[in-house]
Amino acid sequence: MKFITFDIEDWFHILDHPETANPSSWDKFESRIDHGVGLILDLMDKHDLKGTFFCLGWIAEKHPHIIKRIDAAGHHIGTHSYYHQLAYEQREDEYRKDLSDSIKILSDLTGKTIDAYRAPGFSIKESNLWAFDVMAEEGIKYDSSVFPANRAHGGLPQFKTDQPCKVITKKGYEIIELPMNTASLLGQKFVFSGGGYFRLLPKWYLKKLFKSQEYVMTYFHPRDFDAGQPMIPGLSRFRKFKSYTRIKNSSSKLGCIIKQNTFNGLKIADLTLIPINVVNL
Ligand SMILES: [Zn+2]
(Lines give C-alpha, C1' and ligand atoms only; values in the text may rest on other atoms or scores of the structure.)
Protein backbone atom coordinates (compact mmCIF):
# COMPACT_ATOMS: atom_id res chain seq x y z
CA MET A 1 0.00 0.00 0.00
CA LYS A 2 1.53 3.27 -1.11
CA PHE A 3 0.28 6.67 -0.03
CA ILE A 4 0.82 10.02 -1.73
CA THR A 5 0.73 12.99 0.62
CA PHE A 6 1.76 16.64 0.58
CA ASP A 7 2.45 19.14 3.35
CA ILE A 8 0.87 22.36 2.12
CA GLU A 9 3.03 25.23 3.32
CA ASP A 10 5.01 28.01 1.63
CA TRP A 11 8.74 28.08 0.78
CA PHE A 12 9.54 30.08 3.93
CA HIS A 13 7.99 27.56 6.33
CA ILE A 14 11.37 26.15 7.17
CA LEU A 15 11.79 25.01 10.76
CA ASP A 16 14.35 26.05 13.29
CA HIS A 17 15.69 29.13 11.54
CA PRO A 18 15.64 32.62 13.14
CA GLU A 19 14.50 34.40 9.95
CA THR A 20 11.39 32.24 9.57
CA ALA A 21 10.52 30.87 13.02
CA ASN A 22 8.05 33.57 14.01
CA PRO A 23 4.71 33.71 12.14
CA SER A 24 4.74 37.51 12.50
CA SER A 25 7.66 37.60 10.00
CA TRP A 26 5.88 35.58 7.29
CA ASP A 27 3.89 38.41 5.73
CA LYS A 28 7.10 40.04 4.50
CA PHE A 29 7.95 37.08 2.24
CA GLU A 30 6.66 36.77 -1.31
CA SER A 31 4.10 33.95 -1.50
CA ARG A 32 4.77 31.10 -3.96
CA ILE A 33 1.92 28.90 -2.77
CA ASP A 34 -0.30 29.34 -5.86
CA HIS A 35 2.49 28.32 -8.18
CA GLY A 36 3.73 25.40 -6.05
CA VAL A 37 0.28 23.95 -5.39
CA GLY A 38 -0.55 24.43 -9.09
CA LEU A 39 2.44 22.27 -10.06
CA ILE A 40 1.31 19.53 -7.66
CA LEU A 41 -2.34 19.60 -8.78
CA ASP A 42 -1.28 19.46 -12.45
CA LEU A 43 0.92 16.44 -11.75
CA MET A 44 -1.87 14.67 -9.85
CA ASP A 45 -4.35 15.48 -12.61
CA LYS A 46 -2.03 14.20 -15.30
CA HIS A 47 -1.84 10.84 -13.53
CA ASP A 48 -5.48 10.84 -12.47
CA LEU A 49 -4.45 10.42 -8.86
CA LYS A 50 -6.01 11.56 -5.56
CA GLY A 51 -3.84 12.18 -2.51
CA THR A 52 -3.92 13.54 1.01
CA PHE A 53 -2.95 17.19 1.51
CA PHE A 54 -1.93 18.18 5.05
CA CYS A 55 -2.60 21.93 4.99
CA LEU A 56 -1.48 24.67 7.37
CA GLY A 57 -4.24 26.66 9.07
CA TRP A 58 -2.16 29.77 8.33
CA ILE A 59 -2.30 29.00 4.59
CA ALA A 60 -6.08 28.52 4.89
CA GLU A 61 -6.36 31.92 6.59
CA LYS A 62 -4.17 33.83 4.09
CA HIS A 63 -5.04 31.92 0.91
CA PRO A 64 -8.46 30.27 1.40
CA HIS A 65 -8.80 29.72 -2.37
CA ILE A 66 -5.85 27.27 -2.22
CA ILE A 67 -7.70 24.97 0.18
CA LYS A 68 -10.89 25.26 -1.88
CA ARG A 69 -8.96 24.46 -5.04
CA ILE A 70 -7.40 21.31 -3.54
CA ASP A 71 -10.78 20.23 -2.14
CA ALA A 72 -12.56 20.91 -5.44
CA ALA A 73 -10.02 18.70 -7.22
CA GLY A 74 -11.26 15.83 -5.05
CA HIS A 75 -8.28 15.36 -2.73
CA HIS A 76 -8.41 14.45 0.96
CA ILE A 77 -7.63 17.41 3.21
CA GLY A 78 -5.82 16.92 6.51
CA THR A 79 -4.10 19.36 8.83
CA HIS A 80 -0.42 20.17 9.23
CA SER A 81 -1.13 22.43 12.29
CA TYR A 82 -1.94 26.15 12.20
CA TYR A 83 1.40 27.92 12.76
CA HIS A 84 3.92 25.23 11.83
CA GLN A 85 5.66 25.15 15.19
CA LEU A 86 7.60 22.18 16.55
CA ALA A 87 5.06 20.21 18.62
CA TYR A 88 7.59 19.19 21.26
CA GLU A 89 8.34 22.85 21.99
CA GLN A 90 4.67 23.58 22.77
CA ARG A 91 2.85 23.14 26.05
CA GLU A 92 -0.13 20.79 25.85
CA ASP A 93 -2.66 23.67 25.90
CA GLU A 94 -0.77 25.56 23.15
CA TYR A 95 -0.56 22.43 21.05
CA ARG A 96 -4.27 21.72 21.48
CA LYS A 97 -5.30 25.25 20.52
CA ASP A 98 -3.08 25.32 17.43
CA LEU A 99 -4.39 21.93 16.25
CA SER A 100 -8.03 22.69 16.95
CA ASP A 101 -7.84 26.13 15.28
CA SER A 102 -6.37 24.50 12.16
CA ILE A 103 -9.11 21.86 12.11
CA LYS A 104 -11.78 24.53 12.47
CA ILE A 105 -10.60 26.76 9.62
CA LEU A 106 -10.05 23.80 7.26
CA SER A 107 -13.43 22.25 8.00
CA ASP A 108 -15.17 25.65 7.72
CA LEU A 109 -13.64 26.10 4.25
CA THR A 110 -14.35 22.61 2.93
CA GLY A 111 -17.48 21.65 4.86
CA LYS A 112 -15.73 18.36 5.65
CA THR A 113 -14.55 16.61 8.79
CA ILE A 114 -10.79 16.94 9.19
CA ASP A 115 -9.56 13.55 10.38
CA ALA A 116 -5.91 13.37 9.29
CA TYR A 117 -2.80 15.07 10.64
CA ARG A 118 0.94 15.37 10.26
CA ALA A 119 3.00 17.29 12.83
CA PRO A 120 5.39 19.95 11.47
CA GLY A 121 8.82 18.39 11.01
CA PHE A 122 7.48 15.02 12.36
CA SER A 123 7.94 16.65 15.77
CA ILE A 124 6.55 13.87 17.95
CA LYS A 125 9.18 12.41 20.20
CA GLU A 126 9.49 10.81 23.59
CA SER A 127 8.86 14.05 25.48
CA ASN A 128 5.47 14.82 23.86
CA LEU A 129 3.76 11.46 23.42
CA TRP A 130 0.75 13.09 25.12
CA ALA A 131 0.14 14.67 21.69
CA PHE A 132 -1.57 11.43 20.58
CA ASP A 133 -4.24 11.95 23.27
CA VAL A 134 -4.82 15.50 22.09
CA MET A 135 -5.06 14.39 18.45
CA ALA A 136 -7.68 11.77 19.33
CA GLU A 137 -9.66 14.25 21.44
CA GLU A 138 -9.65 16.75 18.54
CA GLY A 139 -11.04 14.13 16.13
CA ILE A 140 -7.90 12.94 14.34
CA LYS A 141 -8.26 9.33 13.13
CA TYR A 142 -5.20 9.08 10.87
CA ASP A 143 -1.81 10.36 11.92
CA SER A 144 1.37 10.44 9.87
CA SER A 145 3.74 12.18 12.31
CA VAL A 146 5.93 9.25 13.31
CA PHE A 147 9.41 9.23 11.85
CA PRO A 148 10.82 5.95 13.23
CA ALA A 149 14.47 6.97 12.88
CA ASN A 150 16.75 9.74 14.12
CA ARG A 151 16.38 13.15 12.50
CA ALA A 152 17.13 16.82 13.16
CA HIS A 153 13.60 17.58 14.45
CA GLY A 154 11.66 14.94 16.31
CA GLY A 155 12.06 11.35 15.31
CA LEU A 156 11.01 8.32 17.33
CA PRO A 157 13.73 5.74 16.72
CA GLN A 158 12.25 3.55 19.47
CA PHE A 159 8.93 3.21 17.56
CA LYS A 160 8.94 -0.50 16.77
CA THR A 161 7.63 -0.43 13.23
CA ASP A 162 7.75 1.57 10.04
CA GLN A 163 4.50 -0.04 8.86
CA PRO A 164 0.85 1.04 9.31
CA CYS A 165 -0.22 0.36 12.88
CA LYS A 166 -2.69 1.32 15.58
CA VAL A 167 -1.39 3.64 18.29
CA ILE A 168 -3.03 3.10 21.68
CA THR A 169 -2.66 6.45 23.44
CA LYS A 170 -1.93 6.95 27.14
CA LYS A 171 -5.63 7.58 27.80
CA GLY A 172 -6.61 4.51 25.73
CA TYR A 173 -7.76 6.12 22.47
CA GLU A 174 -6.85 4.50 19.14
CA ILE A 175 -5.32 6.32 16.18
CA ILE A 176 -4.35 4.78 12.85
CA GLU A 177 -0.66 5.57 12.47
CA LEU A 178 0.89 5.72 9.02
CA PRO A 179 4.56 6.29 9.84
CA MET A 180 7.31 7.12 7.42
CA ASN A 181 8.78 3.93 5.99
CA THR A 182 12.53 3.51 6.04
CA ALA A 183 15.28 1.88 4.03
CA SER A 184 18.70 0.88 5.34
CA LEU A 185 22.11 1.60 3.94
CA LEU A 186 25.28 0.57 5.76
CA GLY A 187 23.27 0.02 8.94
CA GLN A 188 21.73 3.52 8.85
CA LYS A 189 17.98 3.91 8.51
CA PHE A 190 16.82 6.66 6.17
CA VAL A 191 13.57 7.91 4.66
CA PHE A 192 13.69 8.23 0.88
CA SER A 193 10.09 9.06 0.04
CA GLY A 194 10.27 12.84 0.33
CA GLY A 195 12.48 15.75 1.38
CA GLY A 196 16.22 15.91 0.68
CA TYR A 197 16.77 12.20 0.04
CA PHE A 198 14.09 12.12 -2.66
CA ARG A 199 15.64 15.08 -4.45
CA LEU A 200 19.24 13.98 -4.08
CA LEU A 201 19.03 10.24 -4.80
CA PRO A 202 19.24 9.24 -8.47
CA LYS A 203 16.05 8.16 -10.23
CA TRP A 204 17.15 4.55 -10.84
CA TYR A 205 17.85 4.05 -7.13
CA LEU A 206 14.56 5.63 -6.04
CA LYS A 207 12.67 3.45 -8.50
CA LYS A 208 14.30 0.40 -6.95
CA LEU A 209 13.52 1.54 -3.39
CA PHE A 210 9.86 2.34 -4.14
CA LYS A 211 9.41 -0.98 -5.90
CA SER A 212 11.05 -3.01 -3.16
CA GLN A 213 8.66 -1.90 -0.40
CA GLU A 214 5.03 -2.86 -0.11
CA TYR A 215 4.20 0.07 2.18
CA VAL A 216 5.41 3.55 1.27
CA MET A 217 4.39 6.86 2.85
CA THR A 218 5.50 9.87 0.82
CA TYR A 219 5.81 13.50 1.92
CA PHE A 220 6.25 16.32 -0.54
CA HIS A 221 5.90 20.11 -0.33
CA PRO A 222 5.06 22.75 -2.94
CA ARG A 223 8.64 24.06 -2.59
CA ASP A 224 10.02 20.64 -3.61
CA PHE A 225 8.79 21.34 -7.15
CA ASP A 226 9.16 25.14 -7.46
CA ALA A 227 12.51 25.89 -9.08
CA GLY A 228 11.79 29.64 -9.12
CA GLN A 229 11.45 30.14 -5.35
CA PRO A 230 13.68 32.62 -3.50
CA MET A 231 16.28 31.32 -1.06
CA ILE A 232 15.93 31.79 2.71
CA PRO A 233 18.65 34.21 3.82
CA GLY A 234 21.29 33.00 6.26
CA LEU A 235 21.01 29.23 5.76
CA SER A 236 24.10 27.13 6.32
CA ARG A 237 25.70 25.61 3.22
CA PHE A 238 24.50 22.17 4.30
CA ARG A 239 20.89 23.30 4.67
CA LYS A 240 21.05 25.14 1.33
CA PHE A 241 22.24 21.96 -0.32
CA LYS A 242 19.58 19.88 1.46
CA SER A 243 16.76 22.31 0.66
CA TYR A 244 17.40 23.52 -2.88
CA THR A 245 19.48 21.02 -4.84
CA ARG A 246 17.84 19.26 -7.81
CA ILE A 247 14.40 20.84 -7.44
CA LYS A 248 14.13 20.98 -11.24
CA ASN A 249 14.12 17.17 -11.51
CA SER A 250 11.50 16.54 -8.82
CA SER A 251 8.34 16.64 -10.94
CA SER A 252 9.62 14.29 -13.61
CA LYS A 253 11.11 11.97 -10.98
CA LEU A 254 7.82 11.79 -9.07
CA GLY A 255 5.88 11.36 -12.34
CA CYS A 256 8.05 8.38 -13.18
CA ILE A 257 7.58 6.83 -9.71
CA ILE A 258 3.81 7.40 -9.91
CA LYS A 259 3.69 5.51 -13.22
CA GLN A 260 5.43 2.50 -11.69
CA ASN A 261 3.51 2.26 -8.41
CA THR A 262 -0.10 2.36 -7.26
CA PHE A 263 -0.69 5.27 -4.89
CA ASN A 264 -3.68 6.36 -2.80
CA GLY A 265 -4.69 9.04 -0.33
CA LEU A 266 -5.06 7.97 3.29
CA LYS A 267 -8.59 6.62 3.41
CA ILE A 268 -7.98 2.92 3.16
CA ALA A 269 -10.21 0.50 5.04
CA ASP A 270 -8.49 -2.88 4.70
CA LEU A 271 -5.30 -2.23 6.60
CA THR A 272 -4.11 -4.89 9.01
CA LEU A 273 -2.90 -2.98 12.02
CA ILE A 274 -0.68 -4.13 14.82
CA PRO A 275 -1.22 -2.21 18.08
CA ILE A 276 1.58 -0.03 19.46
CA ASN A 277 0.99 1.10 23.01
CA VAL A 278 2.37 4.56 23.73
CA VAL A 279 3.09 3.69 27.38
CA ASN A 280 5.66 1.13 26.19
CA LEU A 281 7.65 3.62 24.09
ZN1 LIG B 1 5.90 21.31 7.31
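User: In this predicted model, is S25 buried or exposed, and how is that to be read?

Analyst: The reading rests on relative accessible area, and under 20% means buried. S25 has a relative accessibility of 15%, so the residue counts as buried. S25 belongs to the loop that runs between β2 (5-8) and α1 (33-46). When neighbours within four places in sequence are set aside, the contacts of S25 are E19 and T20.

User: Which residues does G154 touch, and where in the chain is G154 found?

Analyst: G154 sits in the loop between β6 (142-143) and β7 (165-168). Its relative accessible area is 12%, so G154 is buried as well. Residues up to four places away in sequence not being counted, G154 touches Y88, F122, S123, I124 and K125. As for separation, the C-alpha atoms of G154 and A131 are 13 Å apart in space, with the two positions 23 residues apart in sequence.

User: How many Å should helix α4 span, and what does the model give?

Analyst: The expected span follows from a rise of 1.5 Å a residue. Helix α4 covers residues 92-110, that is 19 residues, and should therefore span 27 Å. The C-alpha atoms at its ends are 27 Å apart, in agreement with that expectation. Just after α4 comes G111, which has a positive phi, near 75°.

User: Which residues of α4 are buried, and what do they pack against?

Analyst: The general idea concerns the helical repeat. An α-helix has 3.6 residues a turn, so residues three or four places apart point the same way. In α4 the buried residues are Y95, D98, L99, S102, I103, I105, L106 and T110. Their packing partners include both strands and helices: β3 (52-55), β4 (76-79) and β5 (116-117), together with α2 (57-62), α3 (64-72) and α5 (131-137).

User: What space lies in the largest pocket, and which residues lie nearest its centre?

Analyst: Rolling a probe the size of a water molecule over the atoms shows where empty space is left. Here the largest pocket holds about 940 Å³ of space. Its lining consists of 37 residues, and those nearest the centre are R151, G195, G196, Y219 and K242. By type, the lining residues comprise 16 nonpolar, 11 polar and 10 charged.

User: Which element supplies the largest share of that lining?

Analyst: Helix α6 does, with 5 residues. At least two lining residues come from each of β10 (188-190), α6 (195-200) and α8 (237-244).

User: What lines the second largest pocket, and how do its residues divide by type?

Analyst: This pocket contains about 190 Å³ of space. Its lining is formed by H13, I14, L15, D16, T20, A21, W26, H84, Q85, L86, E89 and Q90. Of these, 5 are nonpolar, 5 polar and 2 charged. T20 thus appears in this lining and also among the contacts of S25.

User: How many helices and strands are there in the protein chain, and how compact is the chain as a whole?

Analyst: The chain has 9 helices and 13 strands. Its radius of gyration is 17 Å, close to the 19 Å that the globule rule gives for 281 residues, so the chain is as compact as a globular protein of that length. The C-alpha trace spans about 45 × 45 × 40 Å along its principal axes. Buried residues account for 58% of the 281 residues. Of the contacts between residues at least 6 apart in sequence, 75% join residues at least 24 apart.

Definitions and conventions: Residues are numbered from 1 along each chain as its sequence is written. This is a predicted model: local features need pLDDT of at least 70, side-chain atom pairs count only at pLDDT 80 or more; totals for chains, interfaces and linings use all residues. Side-chain values use heavy atoms; hydrogens and water are left out. On a 1 Å grid over the protein atoms alone, a cavity is a set of points where a 1.4 Å probe fits but cannot get out, and a pocket is an open set with protein on both sides within 12 Å along at least five of seven lines; lining residues have an atom within 4 Å of a point. Grid points are joined across faces, edges and corners, and a volume is the space filled by probe spheres set on the points. Helices (H or I, at least four residues) and strands (E, at least two) are DSSP runs, numbered from the N terminus. Ala, Val, Leu, Ile, Met, Phe, Trp, Tyr, Cys and Pro count as nonpolar, Asp, Glu, Lys and Arg as charged, and the others, Gly among them, as polar. The expected span of a helix is 1.5 Å times one less than its number of residues. Buried means under 20% relative accessible area, exposed over 50%, partly exposed in between (1.4 Å probe, protein chains only). Contact means heavy atoms within 4.5 Å. The radius of gyration is taken over C-alpha atoms; the globule rule is 2.2 Å times the number of residues to the power 0.38.
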